[in-house]
Structure formats: C-alpha cells, structure tokens
Amino acid sequence: TFTLRASEGLVELFGAALLSRLAAEAPGVRLHFLAKPDKESGPLRSGELDFETGVISATTAPELRTQALFQDHFVAVLRPRHPLCDGPLTASRYAEARHVLVSRRGQPHSPVDEALVKLGLTRTVATLVPGFATALALVRGSDLVATVPKHHCAALLGDLVARPLPFTLPGIRVALLWHPRLDADPAHRWLRTLIRDICAQNPYRPLP
C-alpha cells in the first residue's frame, strides 16, 4: 500500500487512469490518496507518506527528491453568461469584478494582487476559501471570479468558462516529491514512473 498526498483537482484529473493501470499491471498494489492541508514536508520525512504532488517552494525540504510532472498556468473562471464573458477581458474589467481567493493558510493577498498593483489596479476579494473546488462551486452560483490553475482544475470546471488573464502571471510547475530513502526502492521507482506516464497521457503538455 502506497500513500499519495495531493491537492484537490489532481486526483480528479488522473486518479481514475492511475488506478486502472494499477489494477491491470499490479493488482496487489493499493494506492491511498490523502488530503493536502498544507505544504509541510514532515509526513514525507517520517514515512507517513510515500509521495506528494505540489509546487516546489521555499518551504519544500531541500533533501526531498522531485520529478516534474507538468506545467500549468492561471486563468480566470466565470459562470456561463457572466458579464465578463462578453467582450475583451481587460485588466480593468477583471479588477472591477468581485473575486473569490483560494488560500489554504488564509492569506488575503496573492501574486494576482501583486500583478495588479504593478498596473495601478486593485481588486475586491469578496471571500476567501481553502480550496479550488469550493471556489469553483461559489463561482458556479454567483458573479464571483476565481483565478485558478487551468490544468490542475480541468476536471472540476464542468460548464464554467475559463478565460486567459489580461496580465502576466508566472506559471507553476507541478512535481512529484518523495524522500531520498525511497529513491532506490524498486516498487517505489516503478510507481513513480507510472505516475509520470499517466500525467503524460493527459490533455495538457507534459514536461520533457
């Protein structure tokens, strides 16, 4: 049994394909998906987790091994027939809308706000939520706008409208992380390869 901690969206995106491959190629293997409430590396160090997916950041333990899975970029997500669906989405129109901000730690600002400040703009954050699925549920029933990673949330969008952002925002690189003590383990190595293969088969451009 292996444990993989992943943020919401990723399991929906490739979980079914991964489990199907496991059933066909290694029916004795079990893979358990765990929620990701934070970016702390302790569970990987202690052996509580075998893998984790996420964006490498300053809080990532330096000794962890990483393998890039795919690159992603942010988009603005709206309900169908939202006023911003008509006409060009300018930075001013984007800033004038009411927004839902996703932050696991409750931080009231994000790189989006930093990008808007450079343009002399600020936005109104009407509410803050801890996850993308919650943000998109609110967008679906209101005129709120959510800014989310496009591929990460692909399985959650449904009939929602995704529009390119009218300003430059750095992309993100989603990676698989594990502790170096498992680096040479044959079963662990095999499953790492399988996860990368599944990501490469999804409809976004995988990393080389």
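**Figure 1. Surroundings of Leu-89 in the predicted model.** With a relative accessibility of 12%, Leu-89 counts as buried in this predicted structure. The residue is found in the loop between β5 (74-78) and α3. Residues up to four places away in sequence being set aside, Leu-89 touches Ala-76, Leu-84, Tyr-94, Arg-163, Pro-164 and Pro-166. Ser-41, which is 48 residues from Leu-89 in sequence, has its C-alpha atom 39 Å from that of Leu-89.

**Figure 2. The aromatic pair of Tyr-94 and Phe-167.** Tyr-94, one of the residues touched by Leu-89, forms an aromatic pair with Phe-167. The geometry is edge-to-face, with 5.2 Å from centre to centre and 70 degrees between the planes. Tyr-94 belongs to helix α3 (residues 91-96), whereas Phe-167 lies in the loop between β9 (161-164) and β10, so the pair ties together parts that are 73 residues apart in sequence. Tyr-94 and Phe-167 are both buried.

**Figure 3. Thr-147 and its polar contact with Tyr-94.** Thr-147 is a residue of strand β8 (residues 145-149) and counts as buried, at 11% relative accessibility. Its side chain is joined to that of Tyr-94 by a polar contact of 2.6 Å. Neighbours within four places in sequence aside, Thr-147 is in contact with Phe-74, Val-75, Tyr-94, Val-112, Arg-123 and Leu-165. Tyr-94 thus appears both in this polar contact and in the edge-to-face pair with Phe-167.

**Figure 4. The aromatic pair of Phe-2 and Phe-51.** The structure has two aromatic pairs. In the pair of Phe-2 and Phe-51, the ring centres are 6.2 Å apart and the planes meet at 40 degrees, so the pair is tilted. Phe-2 is in strand β1 (residues 2-5) and Phe-51 in strand β3, and the pair links distant parts of the chain, 49 residues apart. Phe-2 and Phe-51 are buried.

**Figure 5. Helix α1 and the elements that cover its buried residues.** Helix α1 comprises 16 residues (residues 10-25), and at 1.5 Å a residue these should span 22 Å. The C-alpha atoms at the ends of α1 are 22 Å apart, which agrees with that expectation. The helix nevertheless contains a kink of about 30 degrees, centred on Ala-16. The buried residues of α1 are Leu-10, Leu-13, Phe-14, Gly-15, Leu-18 and Leu-22. Their cover includes the strands β2 (31-34), β3 (51-55), β4 (65-72) and β10 (172-178), together with the helices α6 (154-157) and α7 (186-200). Strand β3, one of these covering elements, also holds Phe-51 of the tilted aromatic pair.

**Figure 6. Cysteine residues without disulfides.** The structure holds zero disulfides. The sulfur of Cys-85 has its closest cysteine sulfur in Cys-153, at 17 Å, which is too far for a bond; a disulfide requires the two sulfur atoms to lie within 2.5 Å. Cys-199 is likewise in no disulfide, the nearest cysteine sulfur being that of Cys-153, 15 Å away. Cys-85 is partly exposed, with a relative accessible area of 23%, whereas Cys-199 counts as buried, at 1% relative accessibility.

Terms used
Residues numbered from 1 in each chain as written. Predicted model: local features only at pLDDT ≥ 70, side-chain atom pairs only at ≥ 80, totals over all residues. Heavy atoms only, no water. Helix = DSSP H or I, 4+ residues; strand = E, 2+ residues; numbered from the N terminus. Expected span 1.5 Å × (residues − 1). Bend = angle between axes of the 7 residues up to and from the residue. Buried < 20%, exposed > 50% of the residue type's maximum accessible area, 1.4 Å probe, protein only. Contact = heavy atoms within 4.5 Å. Phe/Tyr/Trp six-rings, centres within 6.5 Å; stacked < 30°, edge-to-face > 60°. Polar contact = N/O pair within 3.5 Å; in protein donor to acceptor, adjacent residues only side chain to side chain.
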